[in-house]
Amino acid sequence: MTTTELLVFFAVAMLAIAVLAIAVDWVAKPIRRRFIPKMYRFPEELGRQAPPPDPSLTGWSDQYFVIPDELVSTNGHVLDWPNLEAIELDDDGVEPPGVAYDSDDVPFDYVHEHGDGEDGGGLPHRALGWQRGQYVYNLIGNGSEPSVEIVRTRFWKNVSSTEHAGVFGAHNVARMSRGRPPKRRNPRTGRDESMQLVVEGYLEAQGRPPRPRWPDDEVDPFAVT
Amino acid sequence: MNDLAEEFQLSDSDIVTWEGRTVRAVFRLQVTDGDRLRVNRLTVNRDRPQVLKLAIAEGELEVNGVRAETIALWSTTSPRDVAVDVHAPEATTVDIWNGWEYGGVGQAWVGNAGLVAQPVDGGYTLQCSDGVGPVDFTDLVVRIDHVKR
């Protein structure tokens with residue numbers, strides 16, 4: 001084989017490889033495109049603002065996006081945190097019931113607190129689209145119902161946005177900001193365990209955001225049954 | 001600076017040293033059937049409900065007529081002095097750790113949670129830090145007297 005023939009053979013081989021690569025790329029692109037619209041349902045993941053909803057479709061109005069200043073931290077996150085006062089113990093050393101701690105004012109409920117008003121059925125109104133700090137049951141961009149997994153992801157992202165999320169540790173804040181539940185090391189088992197979140201549909205939950213729990217199995221022998 | 005939970009995680013241990021103090025995630029007591037643990041709550045953080053949890057490895061614990069493997073003594077529901085009776089087929093252990101309520105949710109073993117155990121005559125004092133804010137071993141302080149059968 002002469003040098004010229006060798007060069008021609010090499011050029012043809014390279015051309016064949018290039019054509020094959022182009023074909024693979026051409027075949028793959030439609031597949032990737034098929035999944036892109038799903039990603040666009042989460043505008044914050046693309047660094048975009050949620051598209052303004054159509055009031056004629058949802059009854060939405062500007063007032064639902066107005067969050068009281070006292071509920072917004074300096075970094076723009078929505079907060080609601082009580083100023084708890086000292087509680088006096090009674091003679092038995094038991095804190096008086098009903099005055100101690102208001103769980104409605106703490107981070108796991110804050111997404112419900114600023115809600116979005118109420119619709120005709122007494123449930124919190126839902127805007128179109130969702131950004132961190134907003135109601136977890138907000139409808140997704142195309143107006144359809146958010147799936148359980150979407151609500152779960154939104155919930156953890158919301159918790160990660162509170163300044164009190166630091167109690168879970170920096171590693172867990174990073175996990176929650178990706179929509180994953182926090183983890184802890186259980187020293188009794190030596191294993192890591194995740195916080196659990198049972199999510200119901202919007203109607204089943206009566207619009208109440210889900211409440212997380214650690215996988216503890218304990219009994220309060222003095223609880224009122 | 002890592003919080004205590006991260007220190008426990010990094011050390012892969014239930015015991016770490018923090019500012020010269022031995023801090024535990026769980027305090028473990030050897031017990032036998034018929035033993036009694038008298039739990040006396042000395043101080044409690046007023047910002048959040050605090051809880052002391054006791055879990056037996058084999059058998060049951062009995063408090064206030066209720067028998068269970070794991071008992072939670074909340075500052076909001078339990079009296080200051082509580083008797084915990086051990087029902088076990090043989091010698092076993094009771095794990096003791098602290099928790100708290102935060103955001104309406106029971107928490108433990110996250111943030112700056114940990115406890116310091118000090119032996120006293122007839123038992124131990126447990127100085128517990130909940131996970132919220134800086135380490136503070138006055139969040140929950142209990143004395144546990146171990147009355148052996």
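The exercises below work through a predicted model of two chains, A and B.

Residues are numbered from 1 along each chain as its sequence is written, while chains are lettered from A and ligands numbered from 1 in the order in which they are written. Local features need pLDDT of at least 70 and side-chain atom pairs count only at pLDDT 80 or more, whereas totals for chains, interfaces and linings use all residues.

**Exercise 1. Confidence**

Task: State what average pLDDT each chain has, and which stretches of chain A have a pLDDT below 50.

Solution.
Step 1. pLDDT is the predictor's confidence in each residue, from 0 to 100. Chain B averages 94, and 100% of its residues score at least 70.
Step 2. Chain A averages a pLDDT of 69, with 58% of the residues at 70 or above. In chain A, residues 95–105 fall below 50; this stretch has 21 contacts in the model beyond near neighbours in sequence. Two residues are in contact if their C-beta atoms, placed from the backbone, lie within 7 Å.
Step 3. Residues 110–114 of chain A are also below 50, and that stretch has 15 contacts beyond near neighbours in sequence. Where pLDDT is low, the predicted coordinates should not be read in detail.
Step 4. The scores of the model are ipTM 0.93 and pTM 0.69.

**Exercise 2. Layout of chain A**

Task: Give the order of the elements of chain A from the N terminus on, and say what percentage of its residues count as buried.

Solution.
Step 1. Helices (H or I, at least four residues) and strands (E, at least two) are DSSP runs, numbered from the N terminus. Chain A has five helices and four strands, in the order α-α-α-α-α-β-β-β-β.
Step 2. A residue is buried if 20 or more other C-beta atoms lie within 10 Å of its own, exposed if 12 or fewer, and partly exposed in between, with C-beta atoms placed from the backbone. Of the 225 residues of chain A, 27% are buried by this count.
Step 3. Take the contacts in chain A between residues at least 6 apart in sequence: 45% of them join residues at least 24 apart.

**Exercise 3. The interface**

Task: Determine how many residues of each chain are in contact with the other chain, and how the side of chain A divides by residue class.

Solution.
Step 1. The contacts involve 34 residues of chain A and 42 residues of chain B.
Step 2. On the chain A side, α3 (107–113), β1 (183–186) and β4 (212–213) each supply at least two residues.
Step 3. Ala, Val, Leu, Ile, Met, Phe, Trp, Tyr, Cys and Pro count as nonpolar, Asp, Glu, Lys and Arg as charged, and the others, Gly among them, as polar. That side of chain A then comprises 18 nonpolar, four polar and 12 charged residues.

**Exercise 4. Helix α1 of chain B**

Task: Identify which residues of α1(B) are buried and which are exposed.

Solution.
Step 1. The helix spans residues 4–11, and B:Leu4, B:Ala5, B:Phe8 and B:Gln9 are its buried residues.
Step 2. These four lie on the same side of α1(B), because they cover an arc of only 145 degrees around the axis; the arc is that of the directions from the helix axis to the C-beta atoms.
Step 3. B:Leu10 and B:Ser11, on the other side, are exposed.
Step 4. The buried residues of α1(B) pack against β1 of chain A as well as β1, β2 and β12 (114–120) of chain B.
Step 5. B:Asp12 follows the helix and has a positive phi, near 50 degrees.

**Exercise 5. A hairpin in chain B**

Task: Describe in what sense β1(B) and β2(B) pair.

Solution.
Step 1. Strands pair if DSSP finds at least two bridges between them. Here β1 (residues 15–18) and β2 (residues 21–24) of chain B are antiparallel over four bridges.
Step 2. B:Val16 stands opposite B:Val23 in β2(B).
Step 3. The two strands form a hairpin with two residues between them, and B:Glu19 in the turn has a positive phi of about 50 degrees.

**Exercise 6. Two residues with positive phi**

Task: Decide whether A:Gln206 is buried or exposed, and do likewise for B:Trp109.

Solution.
Step 1. A:Gln206, in the loop between β3 (196–197) and β4 of chain A, has phi near 55 degrees. A:Gln206 counts as exposed because it has 11 C-beta neighbours inside 10 Å.
Step 2. B:Trp109, in the loop between β11 (105–107) and β12 of chain B, has a positive phi of about 65 degrees. With 23 other C-beta atoms within 10 Å, B:Trp109 is buried.
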